[in-house]
Amino acid sequence: MNTVTLVATDLDGTFLNSKKEVSKLNREAISALKHKGILFGIASGRPVETVHAMLEDWKIEDSVSFIMGMNGGVIYDIRRRTKEEFHLLDGKIILDIINFYKDMDVIFHVLVGDVRYTSKSTEETRAHAKLFGETEIEVDMESFLKDRTVNKLIIYCDPAYMPKVVERSKSFKRDDCVGFNTADNLFEYCDPAINKGYGIKKLCKYFGVNPENCVAFGDEANDIQMLDYVGMGVCMKNGCQGAKDVANYVSEYTNDEDALGHFLFDHVLKEDK
């Protein structure tokens, strides 16, 4: 494996365990990265604002150099407190997508910072928003999206209903947006240029590092481009088949078994274990 200068990880199903916690071994691993001068950051579909707040709650902010949010659409430098956004979607495109799914049993979310604007607020969606550190506000989407650009649209539904959403998505064909699963209850649309691979490319340019010297961890379909782009892509044992297929290494451990920490200590921080 090449010398490692930058490490990026997905959150849910990868860096966090099933209780949405950072394990002791993972904490120790990212602290060791900092002492070696290796950049470490989060690559998430969440807004950078909510991720930043979580880093503070978990008391690991000092070990983190950057946050890639919105699946690669936003880059935030924690040290300099600077934020850059890329390829926003026009509100008219979002409304066209909403219209295509409006007869289905789904709820639409648009994120602006740590505020979740939703077509329908329920006890369940409010609990979901709270879990992700977001405040939920119900709005009329047509009025809200007029003359506005956003990072992405989120379609929220019951996990049992998701296959119907995925099947419907196959009939939605246009060149100015792309849709994909990010969780068993979430389907998202963003600009076709945006993915975590794009985000890693921007990070490499920003920090002046080569992709060959980067390690990325992931587990889901929205991690595939990131895992494929870096020199060492690592998929969790609990990852989807698509992520496993492009990864250079599939861990023998799950996210509940500290897969990230084990890999870093076994392959990057050997002498520190």
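In this predicted model, strands β1 (residues 6-9) and β14 (residues 214-218) run parallel to each other and are joined by four bridges. One contact in this pairing can be picked out by name: Val-7 has Val-215 of β14 as its bridge partner. Both strands belong to an open sheet of eight strands, in which the order is β5-β4-β3-β2-β1-β14-β15-β16 and the pairing is mixed. The sheet ends at β5 (82-85) on one edge and at β16 (249-250) on the other, each of which pairs on one side only. As a reminder for anyone tracing the backbone, strands of a sheet pair through backbone hydrogen bonds, in either a parallel or an antiparallel sense.

An antiparallel example is found in β12 and β13, which are joined by five bridges. These two strands form a hairpin, with two residues between them. Within the hairpin, Asn-181 is bridged to Phe-187 of β13.

The hairpin also leads conveniently to the largest pocket, which holds about 550 Å³ of space. Its lining comprises 27 residues, and those closest to the pocket centre are Asp-12, Phe-132, Thr-182, Ala-183 and Leu-186. Two or more lining residues come from each of α1 (11-15), α5 (123-131), β11 (152-156), β12 (178-183) and β13 (186-190). Sorted by class, this lining has twelve charged, eight polar and seven nonpolar residues.

The second largest pocket offers about 190 Å³. Residues lining this pocket include Asp-105, Val-106 and Ile-107, along with Lys-120, Thr-122, Glu-124 and Thr-125, and also Tyr-156, Cys-157, Asp-158 and Tyr-161. Here the classes divide into five nonpolar, four charged and two polar residues.

Cysteine appears in that second lining, which invites a look at sulfur pairing. How many disulfides does a search of the whole structure find? The search finds zero. A disulfide is a covalent bond between the sulfur atoms of two cysteines, and the distances for two of the cysteines are informative. For Cys-177, the closest cysteine sulfur is that of Cys-190, and no bond is assigned because the separation of 8.7 Å is too far. Cys-235 has its closest cysteine sulfur in Cys-240, at 6.3 Å, so this pair is likewise too far apart for a bond. Both values can be set against the cut-off, which requires the sulfur atoms to lie within 2.5 Å. As for their surroundings, Cys-177 is buried at a relative accessible area of 7%, and Cys-235 is also buried, with a relative accessibility of 0%.

Definitions and conventions
Residues numbered from 1 in each chain as written. Predicted model: local features only at pLDDT ≥ 70, side-chain atom pairs only at ≥ 80, totals over all residues. Heavy atoms only, no water. 1 Å grid on protein atoms, 1.4 Å probe; cavity = no way out; pocket = protein on both sides within 12 Å on 5 of 7 lines; lining within 4 Å. Points joined across faces, edges and corners; volume = space filled by probe spheres on them. Nonpolar A, V, L, I, M, F, W, Y, C, P; charged D, E, K, R; others polar. Pairing = 2+ DSSP bridges. Buried < 20%, exposed > 50% of the residue type's maximum accessible area, 1.4 Å probe, protein only.
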